Every structure is written in C-alpha cells, then in structure tokens.
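Trainee: I would like to learn how to read a model of this kind, feature by feature. Could you take me through it?

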Amino acid sequence: MTEWPCLVLPYDKRYTVVWLSPATVRMVSNNGPPLPMPMQVPPGHMVQQIVDENGILTHVILSPQPPGMPPGPPMTVGYYGGPNGTPQQMYPSYNHQGYPPYAAQYPHHHAQPPHMHTMGTPHHLHTTPPPNQTCNSHTHSHIHTGTPHSHSPNEDGRKQRQKQRLQEKLQKRRETANYYCGQNHTQHAMSPRKANNLNGDTRKGEVQSGNSSSDDGQEVEEERKKIKQLLGEMSQPTVSNVESRSALICLSPPEFGHNHDIQSADFKYELQLSEKKDSKFKPVYNGEATEITLKDLRPCTEFFLKVSCIWNGIKGEPTEPISFKTDPCEPDPPPVPKLVSKSKTWLLVKWNAAADNGSRISSYFLEYDKGLGEHHFVEVYSGLPSLRQYKVTKLNASTRYLFRLAASNALGKSKYSETVCFYTSGSVPSQPDPPMCSEQFVKALTISWIRRPNDDEFTLQMEDVATGHGFLNVYNGQDLSYRIRNLRRNTEYKFRLQSSNEEGSSKWSDIVCYHTLPDRPSPPTKLQLKGKIHSHSFRVIWEPPRDNGGAEITNYILQIGDGCSYCTKHSGIDREYSCDDAQPGTTYHVHVACISAGGQSDWCDPLSITTQPVVPGPCLSPKLHGKPKATSLHLRWAPPSYEGGDAVSEYDVIMTNPDNTTREVYRGRECECVVAGLLPGRPYLFQVRPINKAGAGPWSDSLEVVSGPGVPDPPKMPAVSCRSPHCATITWEEPVNNGARITDYRLEWQQRTDTEFVQLYCGSALSYEVKGTLNPATSYSFRVQALNSAGAGPFSAIATCMTPPSSPGPVMSVRASATATSIHLVWKEPLNNGSPILSYNINVGEKLVMSVDNILDYVIDDLVPETTYRIRVQAVNEIGVGAFSSPVKVATHSLPPSPPSIECISMGSNTLKLKWGDGKNPDMVDYCLEMLRDNGSFHPIYHGRGQSHKVNKLNELTDYQFRIYAINEAGHGPHSDIYTFSTTKAPPPPVKSPHVCDIQLDSCTVEWPMIKPMGQDPILYTVQIQRLSAREHEYKQVYHGADTRCLIDRLLPQTDYQVRVCAVRQSVEEKGEHLTGAYSPGVRFVTLSPKPASTSTSETSTTSLTARIHEAPSLTDQQWAIIILIVFALCAVVIAILAQQIIAYTNGGGSFGAGSPSAGTTLIPDGSSKQ
C-alpha cells in the first residue's frame, strides 16, 4: 500500500479530512471530543483515522500503488552559496509526483502523531522518506552513531525525576494508542446503521476513547515541551579541519538518561549558517549524520554556525552560535580581457580586477598565441596589479590572436581565464575567384569557394534566366559552401561571389553557370507473359515508364532470378525478350528497369513464371549399408541428380534372384529399405528408379550383393602339454565354418579360479606355445573360439593343466647393518616354486662364504674396517639353487667423515631445496644443516641421513647463508664452507571462486575479488571458459587484463559453461617476465534459454519447468566418486553394527540386545540380577 496525493481541509476547527484516492467521506461535527467516523470507500481501499495532540481528527484513505507512480526519491543536499550569493541551500529534496510535503503546508501536523487509529497495515503518514544524506560526496556525510555522553555528577536531581515521569507517560500513551487501533478496526466492520447510532446520542467504546484523548491532550503538550527543553540542551558543535573552502562539523547528541527508549540514532540535526552573527541564518543541512563536511565555502571569511536537534517531529532550541574562519587561498580566475582599441600592428587590451581570496594580488600574467593557435601561448606581459591594461605591438595585419589572463598572490597563482579572440585591422579584400560547384543534385546545387586571409564574410548571388529577376542574394555568411535547394531539374543557373571584411566589400567575381541533374525515370509498366509456357522457354513484354524524368529512355535492363539474386539477361532498347535456356519445373522471377540521362529507374514488380516439369533422371546404383546378413540386407541410394523440375514422389526397387527371376521388393518415398527373406551366401542383383508427376525415370545400374554367412561351430576341447615349469603348448582342431572361411582363433586363459578369462592369443594358427608367463606348480585353464566374417562362434570346453615345480625364486629385500668388523644381514623368504627351501648360500664378493640353514638373518664377522663389501644371497631346494638376490653394498664404519659440498637444486619464492653428497649414503652418515639467522649466528634447520632438504618460510629475493657437517659413530666432522643462495619472486596467490552474474542468452558478467599488489609489480587476470555441454576438455582464454570483472559474450543459449580465473604477476624490473598463479576453482553456470511464445501463464510455467529439468547438468566423475564412497561408508557402518549384535548374541546366548541388563536392573557379583 502506498500513500496517494492528498488534500487537507479544516472542518469546524475540530476535524481535518484527508483523502488520498476517490472515496465517499461522511464528516460529522460535534462539540465534544473527536469520534471515529464510519467511511464508505471503494473496494481494496483502507482507512486510517488519526487524532493528534491538539485533538484534530484526520481521516486518511489509502489505496494500492497506482501504476506508473514511483516512490519519492532520496534526500539530496545542494551547495551552500553564502548569505550574499545564490540561495543554494542544503534542504532535503522531496518530489513525489509534484505534491509538496505535508509538513511544509500544515505546520500543525506532526511527522508521527502521538496516537493513531489504524485500520490495515501501518503506514508512514505525513513523514518524509528516510534521507540519503550526501554532502558533496564527502565520506563524513555518512551517519556516525555516537555513544551517549555520561551524566555529570553535578546534574540536577529534579531533571532526572522529570525525565523518569516523562518516560512513564510516553509508555502509557503508546498503550492507549494501541487500544484505539483495535477499537477502530472493529468499528469499521460495523454496518452503516450501527455507524449512525455511533454518531447519535448513544456513544459507546470510541466515545470514551475520544474523551480520554481530549483529557490527555494537555499532558501530551506538557510532555512535548519537556522533550523540546531537553533537546535544546544539546552541546555546541565542534569545528575542525578548517580549510580555505571546507570545514568538518562534529555533533554530540543530547543526553536523555539511561532509563528511556529514545536512542541517539533517532535524532536528526539541522545546521544553520550565516556570515554575520546578528543576520538571518540559513539552513545548510538536515539529517541524521553526526559528522558533516561543509564545502564550497568562501575563503578568508568568518562564519557563524548553530545546530538544532529534532526528535519525532519535535525541534529543540538551537545552540549558541559559534564562529570559525576559513583560510585564505590563491585568487579566483580573472575576468576575460577586453579590447579597447586596435590597428594593423597593435592591440590595446584591458581587464578588471580578480577576487584576491584574502591575500592581495601581487601581479597579473597576460599570454597570447602569436597567431599560431591556442596550444602555443607565450607570456607577453607580467606586471603590478595597479596597471590592468597593456598594448601588444609588432603584430600582423588581418590576423587572429588568442589571449588569456592569470593572477597571483602570496599563496599561489590562479587558473587562467577563458580564451578570448581579437583581430588586427586589414585592407579591403580583392576580387574573389568564381564560385565552384562541388555537388550536383536533381533539385539542388552545392556551391563552394575558398577563403583568403582577409576575407570575413561572403555573399553569393544566383540568376534564374527563366524568371527574369536578375541576380538575387541566396547566401550571406562566413561558411565556405552553401546548398541551394528547391531548384528545377535539368536547368542552368548563373552564380557570382563577393567577399567582405571590416574594411569593406570586394568586387563581384566572374559569372559561372551550373546545371542541375535530370531525375530518374519511373519503372517500366505492364510486364506480362506472351504466349504459352514451355519446359525450356517463355516470352515476356513490357511498356515504357509513365515518367521519363525529363530525359529520353536510352536502354532497358531485364534480369531473371530466383527471388533473392538476379542476373542480367537483356540490355537494349527492345521491349520484348524470349528466354530459351530455362530449366523444366523451375520458378523464375523477372523484373525490368530503364535507363536515361538521369540514371537508372527502380525495378518494376517482379513477374513469377514456372516452366513445365519432365521425368527425373536415373539414380546412381544403390549402396549396401552395413554388412549383409545371412537372411537380410540394408540398401541405401541417393536421389537423382536431376529431378525433372518436380520433386520425386516415390522410388521403385526390384531384385533379381539367382535363378534370374525378378520381383519388386520396395516402393515408397524413403531412400533406403531392408530386404528380408534371403538365402545365406547367395548372389542378388538390385536396381532402383525415381518417379514424379511426369512419370518414372530410367532404371539405375545393378548392384550385386552376396548374402552373409553364419558363425562357425565351437572347436573341440584344446589339448595342453607342459614342457617345463614356465612353458606349455596348447593345440586345437578346426571346427565347421558354416559357409565362411575361418579367419582367426581366439585363445583365452584363466590363471586363478576366482578371476575371469582374458585373451592370450588371436591368430589363424591351430596351436600356441606359452613361454615365460607361467609360474611353477600352478593350475591354469584354457578355452578357444573360432571367428569368420559372420562373427565369433561359441567357446570350446575348458581344458586345465598343472605346471611342474622348479628351483626357488630370487631372494628379495636383503637389508644389511654394519659395524666396524661385522655385517648383520636380514632377508625375506622367496617363493619356493612348489618345493620347500632347504638352505641359503651367502656370497661375499666373488667367494662363497658359507651355506646356512633355513634362517632369515645371519651375522658375518671378522671384516676389515672402512671396507666396502658386495653381498648376495641365494635360496636352495630339492630342485636346485635359485637366482642370487640383487647385490647389496655394505661398508664398515670409518672415521668421522668430512663435510660434503652444498648445492641448490631448486629455488622458489619462499623455499630453497638444498642437496649434498652423491645421493648414496652406505655408511649411514648423519648430516646437520645450519642457516645464518638475523642475530649473526648459525642455527640447525635439519638433522638426519638424507642428502637433501627443503627450507620453507623464506622471503622472496633474499640471500641466505648455509653450512653443513657430517656425523657418524666416530663423532661429527668439521663445518663446511659457507654457501649463499637467493630466493626468487613469488607467483601471485590463487584467486577465489569467481561470481557469475547478469546471465543472458549469449553473455554473462564474471566478477572476482581483487588480489593485493605484490611490491611494485602490477597484477593482471586471465579468465578462461570451458563449454561442458560439448564435452570440451580444454579451457579457452576470453579475457586478460587488470580489471576484476569482465563481460563474456558470444555464448550459446541454454548451454552449460565453467569459468575460472588466475592471477598473473607482471614484473616491472624485468620486462616480458610474467608469473602465473594457480587457477581458481571452476564455477559452473547455464546461459538463459529463449522464452517460447505462450498464450497462458500455465503453459509458460510448464515450459520453464521443463527447460530447467533438461538444463540440469549431469554429475561429474568426482561427484560420482564421492557418492560411491558415501554409500560404501554407510554399508560398512551397518555391517559393523550387525556384527556387534551377532557377537553379543553369541556370547550372551540370547536374542539381540539380551547381553546388557535392561533399565532398572542391578548386577550382583554372583551373576544374578536384582530389580
């Protein structure tokens, strides 16, 4: 609901009737207190009855928001021009369809009445819209909510008690207003007869409320006076940041105590400003802000300021005026210089004084352009402010000069004044050249001429011989060309030109003659067909145009086309044409134009002609689609290259059997058919012909096809023979081929019973030898199938075999730990390959040290310190010895090692990866890596046996120093030399997920958060997009720049896209170097689909819902993986619960859940229970 424009009328000094839309209002006048009146309003309207503190009853009729009536605009604040300037005051601006604010016309109405009778939803009546304060776009114009000031310990106790009583009365008054709202809503539901009784002698309900309102009027008035008194106790404003043209005003809200519901945010403030303390103050601001910046003040001027506080329409007394003075500044731009007198060689220029803005003007600066243009100003005079004129000499005659002026004082130099143009005197211009004709038209001529240095104005005269009036003026001005209109076509006119300046006019130029052009003729008429239309020819004729444009027709052009494009077939003076190369059954469009000296006419209306059709041409021989089957095949053919001028209506297909009999197998409109009922492996011939309205065309060439064979029978069970533990031979016999030669055999095997068969061999041989892929003492299964041109036949019966045992496999995972004189070996048991392992052989170097029993560890003693040994282990079973393990090199302990050299293998912006040694550490030496800190001492950052370490949390482009030493059982060695390495620049951080908005049919807007600049290097952004609907796997770059938003266009409607953004750091020091950051997570969106035309709202909603269902994107592989993982997790939880219940049931010997005592049962140590 929205307020309508209203009209307020006083009635009997007691009531004020307000209507906001057409309604029937019955007004009642009583000498007693105001009573709610029943109102008759149109359907859909609402009534509000308001009683203010003066006892005035106001009826407000509300209706729905009318179409085309926008809400009132927010408050705007203008500039303060000063008391003596233009009255540009900072008032709130209300413009609601041309109706002024109510409070401005009727001051006795308040913004929010203390009590109101409301029927319907509440509305803001007689209140201004919430202001959107702006003060010259300054940041201090926003509302700053300040905390209330603490009470002074010397505050009068009587004021505190008065405030407490005031709050209690306000609360009581609100409860009374709420009661009136309920009574008024009930009364509006009454009938008109009951309403009349209500206004008669019998007064119920609302009469008592009216009396109560009249009694409380005086109390409310007292309350308003107390509130106004408290608002007038507001502290004076503070003025800071005073500059030459601006000042910051800070306000403090008045104090209302802690036990009230009046918040400081509910206050409004009115600022009044004046340049004299005793003169009239003018309002410059009205709003809720506590910090206001006044701009456009007069420099070096003393201002007086006072503030009033407003709450709920109650305005307190203003504060005492405070004064502040703005600072002086540079002068204002001077007025434009004026020309006093001139000659051919000098100009006398004079100017008025400029405003000094509080500091006396010290000098003026006069500049001119030397006649070269406004970009080449040079200073010609600089002097005292008392001399405000200057004579510029040594100038050229009849020359244009530009001047500008500036002033300066002790605080700076002003801006230059506006540029002014002055001319020196000259001589009378000489006789000009004859005017030229630059453009010719049918009814107009464009005459142009050349300007000379001493020409100011031109006069052009024209003579029309047909009229006999002689030369008449047609133009007088400074332009260099003029178009003369409303002339006759194909007519000769005479022209002459005269130039003038301040010194006088020149002689007339020589007379020249120019012609207007003839007009274009109208199109030819009566284009028609002559004679009968044949399959390959027709004849047309036409008549001359009605208007030849003032010139004779010299040529006719005839064009023939298909309605969109035409080609010229005839050009000449003849008005008849015969077309002999027409195509049968084709529609031709013919139009004609004529040509004269005025040009070519428009084309006449086209004439449509359709020739007679003929029988179509032959089709190509039909083609076989797919492989022929044993009993059927699929044929396809192309339409004929020539249809005879009419569309083919159907096709006829015949088949010739192996016994030379012929039958029709298809007749229809399609260009394909399936022929069934064939015999396998038989040859057949097929022909096709097209048919149209003119008849059947010739038969096509024959296609010979042999029907397909059948699949072969399954082979017999293959025979398998194992030649060794790792080799086996499989053989099989050829099965029946069923009409087609067997091309391949497919052999499959199964390594374990719990796995599926996999292909082992595919070829034409009848046997296959498996080598190297078999394991000893293992069972294998084999099967085979035959393949021919018809497909793969069934598999044979499964054949199984068991490979014999062999020597053990190589020993794996040999580990060694050395001391000074011994080596401890540990290994894992290898595969026995069907025969148990009996012992192990240990080889040290090239000599066999010993053979040990079936154990998995052994200690080799009596070794030489600081010596490297090469050790291998070998397993032995009944079949023989296995292969040696991979050699293990072990070195006995030595003296404390020397430090290795350090090298940096990778450098990052905040990381350095260091490496030392040769990558091998057989002696198990520990290393301690140290780094130099800011305090000048080295601290360890790594201790271990590794030979590389990555140092993190470093600063970019910074040098760091490192050193290292080695440690073994003998102790730690000396420190190495100090190595210095530097970090590189850091790539930009990844961008957060972008936001896609303003999605249209073929475009959208992508926005993303900005990344802070990294040092002096600017940050660019790269936007890539991927279309998901087309299964594209690559992103395409659509934007690269510094903005944080971009518009992506040329998108496909109703298409699923994914967009991502990355940041690029552009190096300032090294040009051309770019560091690209990680891409943001991809954001998916769907472009809008075109809205289909619909006749009802239900069809539109159904179509929109269907479109949304079809536009739902399919799940990605990652989403499916997450769903499957969740399902497995839920299944695991259910299985665990079931297993726990089964275990409990088994241990307790009862049903599920019987293992734990029920509620209320106490367990006794002897195993019994007690309730």
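Mentor: We will go from the whole chain to its sheets, then to single residues and a recorded annotation.

Trainee: Where should I begin, and what overall confidence does the protein chain have in pLDDT?

Mentor: Begin with the origin of the coordinates, for this is a predicted model. The protein chain averages a pLDDT of 78, and 76% of its residues score at least 70. Over residues 179-213, however, the pLDDT is below 50, although this stretch has 47 contacts in the model beyond near neighbours in sequence. Residues 1149-1171 also stay under 50, with 18 contacts beyond four places in sequence.

Trainee: How many helices and strands does the protein chain have, and what percentage of the residues count as buried?

Mentor: The secondary structure comes to 6 helices and 78 strands, and of the 1171 residues, 38% count as buried. Among contacts with a separation of 6 or more, 63% are accounted for by residues 24 or more positions apart. The accessible surface is about 66100 Å², with 51% of that area belonging to carbon and sulfur atoms.

Trainee: How do I read a sheet, and which strands stand at the edges of the one with β30, β31 and β34?

Mentor: Read the strand order, then the sense of pairing. This open sheet of 3 strands runs in the order β30-β31-β34, with antiparallel pairing. The edges are β30 (525-530) and β34 (576-579), and because each has a single partner strand, one side of each is left without a neighbour in the sheet. From one strand to the next, the twist averages 20 degrees. Within this sheet, β31 (residues 538-543) pairs with β34 over 4 bridges in the antiparallel sense, and V540 stands opposite Y577 in β34.

Trainee: Which side chains of β53 are buried, and which are not?

Mentor: Follow the side chains one by one along the strand. In β53 (residues 799-802) they alternate, so to speak, between two faces: A799 and C801 point to one face and are buried, while T800 and M802 point to the other and are not. The strand pairs with β51 (residues 779-788) in the antiparallel sense over 4 bridges, and F782 stands opposite A799.

Trainee: Why does T729 count as buried?

Mentor: The cut-off for buried is under 20% relative accessible area. T729 has a relative accessible area of 19%, and therefore counts as buried. This residue lies in strand β47 (residues 727-731); leaving aside neighbours within four places in sequence, T729 is in contact with A719, V720, S721, R723, Y768 and E769.

Trainee: Are the loop residues S425 and K370 buried or partly exposed?

Mentor: S425, in the loop between β21 (420-423) and β22 (436-440), counts as buried at 14% relative accessibility. Beyond four places in sequence, the contacts of S425 include K342, S343, K344, A397, S398 and E503. K370, in the loop between β16 (361-368) and β17 (378-383), counts as partly exposed at 48%. With sequence neighbours within four places set aside, K370 is in contact with V378 and Y401. K370 and L402 are 32 residues apart in sequence, and their C-alpha atoms are 7.8 Å apart in space.

Trainee: Which residues does the "transmembrane region" annotation cover?

Mentor: An annotation comes from a record, and can be set beside the coordinates. The unreviewed UniProt entry places this annotation on residues 1120-1139. In the model, residues 1120-1139 are 100% helix and 0% strand, with the end C-alpha atoms 29 Å apart.

Definitions and conventions:
Residues numbered from 1 in each chain as written. Predicted model: local features only at pLDDT ≥ 70, side-chain atom pairs only at ≥ 80, totals over all residues. Heavy atoms only, no water. Buried < 20%, exposed > 50% of the residue type's maximum accessible area, 1.4 Å probe, protein only. Contact = heavy atoms within 4.5 Å. Areas by Shrake-Rupley, 256 points an atom, 1.4 Å probe, with all protein chains shown as cover. Pairing = 2+ DSSP bridges. pLDDT = per-residue confidence, 0-100. UniProt positions renumbered as here; feature names shortened; annotations may be inferred. Axes fitted to C-alpha atoms, helices over the stretch in contact; angles between N-to-C directions.
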